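Here are a few short exercises to work through with the model open beside you. Try each task before you read its solution.

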Amino acid sequence: MEDPTSPEEAAEPSDRRGFSRRRLLAGGVLAAPAVALLHESLPHQGLHAALGSDQRATAEGAAPHAGAHGVPSHANGLGTAGPTFRAGGTVDHEANGFNPTEILRDFDYGKTTRLASGRLLREWTLVSSDKEIEVAPGISFPAWIYNGRIPGPTLRCTEGDLLRIRFVNGSAHPHTIHFHGLHPAAMDGIPGVGAGIIETGESTTYEFNAEPFGLHLYHCHTAPLAEHIARGLYGTFIVDPKQGRPDADEMVMVQHGYNTTFDAEGNQLYAVNGIPFHYMDEPIQIKRDELVRIYLVNTLEFDPINSFHIHGNFFNYFPTGTRLEPTEFTDTVIQGQAQRGICELRFPYEGPFMFHAHKTEFAELGWMGFFKVR
Ligand SMILES: [Cu+2]
């Protein structure tokens, strides 16, 4: 197979406009037989093909790591034993300051105080900063982030709580926090309304009621909006119904991407919870027959849709989480940007089960992982 990006081509800035991911995929990665794709060449080749020239240079330097991502042996079509995960191909989570395995089940309930009225006050502090994140082995991305991680913390409360979110801008760029939910205009976190844009070194406090119950999100709303979101300024905001939901193994999956070439044409890498291919390397551990609840959010910039698909199973889907009855029993959902929904399911069989974008080109550029059911 031809190398879809010769060094000359990748290094020539004037070619950048024509250096689209889709052309690369069409001419390179996707032209390969599916078996080869899913076997050893996939993550490696995908990264090389898709990264920009600067990052490509770094990728070459990281060649010993590239391709070390675990590839399931069942993907070779032989139907043999479970995943074989080779060591050494991961990013430096410690240097990044976060690990998607921990982000998955990390819910931040804030600092709580009972008010005289009996209501619960929840308070958080979110600090934005600029940070180089190793998004794939050897590949650095200059991110803008909340509380040192991508995605930002998962803020969780119960409908009727009073919420107070102090925002401190520690980034070199102006930002805001815009919450989805019901709130006064002054608390909307957009330029020119209320506190408006929060400049470097400044802070503000957003205060509003927790409503409606459901699965929501927050993100920066400063222009250029696409860049402020794509750089990493987003997170999940869960408002639990007063009566709660049935006990379950709960987890959050924020779908997003990295436009490593900064051409705003698309993304070169796709992920859930910060790091492409992470749950290939560290499958999500699941107990057989236990109820699993996935809070699934799409913050993907530049691509009009994203999707989630699970192997060997079906789930009940609660769009936006604003109703207690599911609207669908399916194995695939499509989400546009800011769409989100709750997936509930049980795994009746043990073994490794893939989940990935059924926008399959995203899967091959990082948006895939495994549940490991025991
Ligand atoms: Cu911003």
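**Exercise 1. The whole chain**

What percentage of the 374 residues of the protein chain count as buried?

*Solution.* Start with the ground rules. This is a predicted model, in which local features need pLDDT of at least 70 and side-chain atom pairs count only at pLDDT 80 or more, while totals for chains, interfaces and linings use all residues. Residues are numbered from 1 along each chain as its sequence is written, and side-chain values use heavy atoms, with hydrogens and water left out.

Next, apply the cut-offs: buried means under 20% relative accessible area, exposed over 50%, and partly exposed in between (1.4 Å probe, protein chains only). By that rule, 54% of the 374 residues are buried. Finally, look at the secondary structure: the protein chain has 10 helices and 23 strands, taken as DSSP runs numbered from the N terminus (helices H or I, at least four residues; strands E, at least two).

**Exercise 2. The copper site**

Find the residues that coordinate the copper ion, and say where two of them lie.

*Solution.* First, list the donors, which are N, O and S atoms within 2.8 Å of the metal (3.2 Å for Na, K and Ca); water is not among the atoms, so sites may look incomplete. Here they are His175 (ND1), Cys220 (SG) and His228 (ND1), at 1.9 to 2.1 Å.

Second, read their spacing along the sequence: H-x44-C-x7-H. Third, place two of them. Histidine 175 is in the loop between strand S8 (162–169) and strand S9 (178–179), and cysteine 220 is in the loop between strand S11 (214–219) and helix H8 (225–230), so this pair ties together parts 45 residues apart in sequence. Histidine 175 and cysteine 220 are both buried.

**Exercise 3. A sheet and its edges**

Which strands stand at the edges of the open sheet that has the order S3-S7-S12-S11-S9?

*Solution.* Begin with pairing: two strands pair if DSSP finds at least two bridges between them. This open sheet has five strands with mixed pairing. Strand S3 (107–108) and S9 are at its edges; each has a single partner strand, so one side of each lacks a neighbour in the sheet.

Now step inside. S11 and strand S12 (residues 234–240) pair in the antiparallel sense over six bridges, and glycine 214 stands opposite valine 239 in S12.

**Exercise 4. Strand S17 and an aromatic pair**

Locate strand S17 in its sheet, then describe the ring pair that phenylalanine 308 forms with tryptophan 367.

*Solution.* The second sheet is also open, with five strands in the order S15-S23-S22-S17-S20 and mixed pairing. Its edge strands are S15 (284–286) and S20 (332–335), each pairing on one side only. Strand S17 (residues 306–310) runs antiparallel to S20 over four bridges, with serine 307 opposite isoleucine 334 in S20.

Turn to the rings. Rings of Phe, Tyr and Trp (its six-membered ring) pair if their centres lie within 6.5 Å; planes under 30 degrees apart count as stacked, over 60 as edge-to-face and the rest as tilted. The structure holds 20 such aromatic pairs. For phenylalanine 308 and tryptophan 367 the centres are 6.1 Å apart and the planes at 40°, so the pair is tilted. Phenylalanine 308 lies in strand S17 and tryptophan 367 in the loop between helix H10 (360–364) and strand S23 (368–373), so the pair ties together parts 59 residues apart in sequence. Both phenylalanine 308 and tryptophan 367 are buried.
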